[in-house]
Structures are given as structure tokens and as C-alpha cells.
Protein chains: 2
Amino acid sequence: MNNGRFPISLHILTLLASSAGELLSSDYIAGSININPVLVRKEISNLRNFGLIESKEGKNGGATLAKPADKIRLSEVYHAVQQASLLGNSKNKPNPDCPIGKQINLHLDHLYEDIEGALLHRLEKMSLADFLRQFQ
Amino acid sequence: MNNGRFPISLHILTLLASSAGELLSSDYIAGSININPVLVRKEISNLRNFGLIESKEGKNGGATLAKPADKIRLSEVYHAVQQASLLGNSKNKPNPDCPIGKQINLHLDHLYEDIEGALLHRLEKMSLADFLRQFQ
DNA sequence: TGTACTGTAATAAAGTCAATTACAGAATGA
DNA sequence: TCATTCTGTAATTGACTTTATTACAGTACA
């Protein structure tokens, strides 16, 4: 979760979960998040690829959840927006002639995997329905 | 851990831990990480502020650990490089007129705190000595 | 007293991310 | 059928962030 995409995707999903199956337009969603509608459509497109959202083109189109909110784990949202590693992506190119530099990316990766595992464990325990339930 | 500073700081500390109290110059360290020496000196300055490193100016100067490697927890490194929140810093300005937008930052913050706690717990369990021990 | 360092500021260059513009295509309904 | 209202997506711009670079004062040593 390096990026601002996680909160955006979660915001979108929360809106959809709260709207009881009604189709929401990207303009409406963008208005709630206060970002550009094109960015919303990009995130929706991504979430659709991960099977979390369905969308309908054309007039009166929009987006809706692809499955019930209690069947969507926050870990799925994480996976959907995740490309790079959690802690500073290893775009380092350490000196291969240095005994430490030569190996450090390997050990950093192990550390990141370990931590990411702990993070995913937490996210897996919470569903979108759980998250929405906190709102009053 | 939004940034590439964590791996840089950990790299620096690992080099120092592996050099048995010898002073290492910023140029040497920069050569191992393959980044600019000024950036190394900035990170060293920061780590010094957090009591993890000592440095000596002038000829034959350089940096060394301020305490034994088994007394440095990776959580301390995390705290030293950390400014922003873990998952996408909440620079979102959601629409306060939307019932979801109005509350979401609060709930996102709770979620982030929960996850950051899990992350810190893992980092606290590993010392710099443990990390270095993985290198052969 | 020259050399080899650190410490730090200031600037430039590179890279990243979001906003914007633009437009094709789909569904609706008058 | 055809104007309208949406999505989907590409391309560009602009804002911002990060890193590299340059510059130089200060410190320690031999």
C-alpha cells in the first residue's frame, strides 16, 4: 500500500456498499471523493478486473458491487491496487561488488514479505460490510 | 514506509553493523548502495538524531553504530524514516456533504493504525543483528 | 597547513501521480 | 431514429516529490 489508490478504491466500494445495489455514476462517486471522474473510472475498471465491481455502460449506467459486501475482504482490495512492494519498492541497484549490497535486496524482500503477510492477515479479517458498519 | 528511505537507512545500518565498529565514509556507503553521497549523509544525519548512529567529522571521519546491533530494533529504523502514514496518506479531502465522504477519513485512519500496529510488532521482533545474521 | 572527511543549503534533473482534455462507443427513451 | 447520458480509454499537461548534483564552510588529522 504505497499509494493513494487504496483509499480511493475503498471509498468507491464503501459508497457502492451503502447504496444497496443502485448504480452509481463515476461523476457522483468523484464528487464524494473529490477527485476527477476519469480517475474513478480507472479504479472502477481495475476493481472490475478483480471481480469486485460490475458496471454498465450507456445512459443510466454506473457501477455496483459484484458480490455482497460481506463477501468482499479488504485484502482483496489491497491485492487489487497493489503493484509495488509495501515498503519502498526495491528499485535500488546496490553495488554487486559489495558483500552487503550484493545480498541486501534478497533479505529486504524476505522482510517485506513477512510484514506484508502480517498486513494481509489483518485485512483479511475485515470485510467491506464490517468497514461500512462503522459508519453511522 | 511509503518511501525508499527505509531500505537506504537499513542498508547503511547493515554496513555499519558488518564493519565491527570501524568508521565508514559516506562515499564508501554510497558506493555500496549506489546512490549519491549527499543523500547518505542526510540519512546518517537523521539516524544520528534518532540515536542509532554516531559520526565523526574531519579526516578519517565517518559513521558507526551508536549501540550494539542487537540493541537496535528494526522498528526504530521504521520510526526514524517515517513521517507519513503507512497506506496512502490521508491527503484526501472528501466531500463533507456526503455521508460516506464525511466520515471515511476517520475510519481509514483507524484501519491504518491497526495495520501499522501489526507491522511495528513484526519489526520490533527483529534486531539489526538478526537482520545481519541472514547474510553469509 | 594540506588533505580528507562531514554537514548542509541550494539548485537542477528525473520521476510519479492526478487532472484534464478528447473522443469513441453503449444504452436509453422520446 | 437520434439526442442524451453514461462508460472506457488514450494522450497530454501540470503539480508535486524525490534524487542527484554542485557548492562550500567547518572539522580533524598527520
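**Exercise 1.** How many residue pairs are in polar contact across the interface of chain B and chain A?

*Solution.* The model is predicted. Both residues of a pair must reach pLDDT 80 or more. With that filter, the rule finds 10 residue pairs in polar contact across the interface. Next, look at salt bridges: the rule finds two between chain B and chain A. One of the two joins the side chains of B:Arg122 and A:Asp114, at 2.4 Å from N to O. That distance lies within the 4 Å cut-off.

**Exercise 2.** Work out which helices of chain B build the side that touches chain A.

*Solution.* Ask for at least two residues per helix. Helix 1 (5-18), helix 2 (26-33), helix 5 (99-125) and helix 6 (128-133) of chain B each meet that mark. Helix 5 gives the largest share, 15 residues. Then sort this side of chain B by class: 25 residues are nonpolar, 17 polar and three charged.

**Exercise 3.** Give the extent of the contact in residues and in area.

*Solution.* Count residues: 45 come from chain B and 45 from chain A. Now take the area. About 3600 Å² is buried between the chains, and carbon and sulfur atoms give 68% of this. In chain B, the most area is lost to chain A by B:Ile100, B:Arg122 and B:Phe135. Together they make up 16% of what that side buries.

**Exercise 4.** Find how chain B and chain A are related.

*Solution.* Superpose chain B on chain A. This takes a rotation of 180° with 0.0 Å of shift along the axis, at an RMSD of 0.3 Å. The two copies are therefore related as by a two-fold rotation axis. Check the surfaces: 100% of the contact residues of chain B recur in chain A, so the same surface serves both copies.

Conventions:
Residues numbered from 1 in each chain as written. Chains lettered and ligands numbered in written order. Predicted model: local features only at pLDDT ≥ 70, side-chain atom pairs only at ≥ 80, totals over all residues. Heavy atoms only, no water. Contact = heavy atoms within 4.5 Å. Buried area = accessible area lost by both parts, 1.4 Å probe. Polar contact = N/O pair within 3.5 Å; in protein donor to acceptor, adjacent residues only side chain to side chain. Helix = DSSP H or I, 4+ residues; strand = E, 2+ residues; numbered from the N terminus. Nonpolar A, V, L, I, M, F, W, Y, C, P; charged D, E, K, R; others polar. Least-squares fit on C-alpha atoms with pLDDT ≥ 70 in both.
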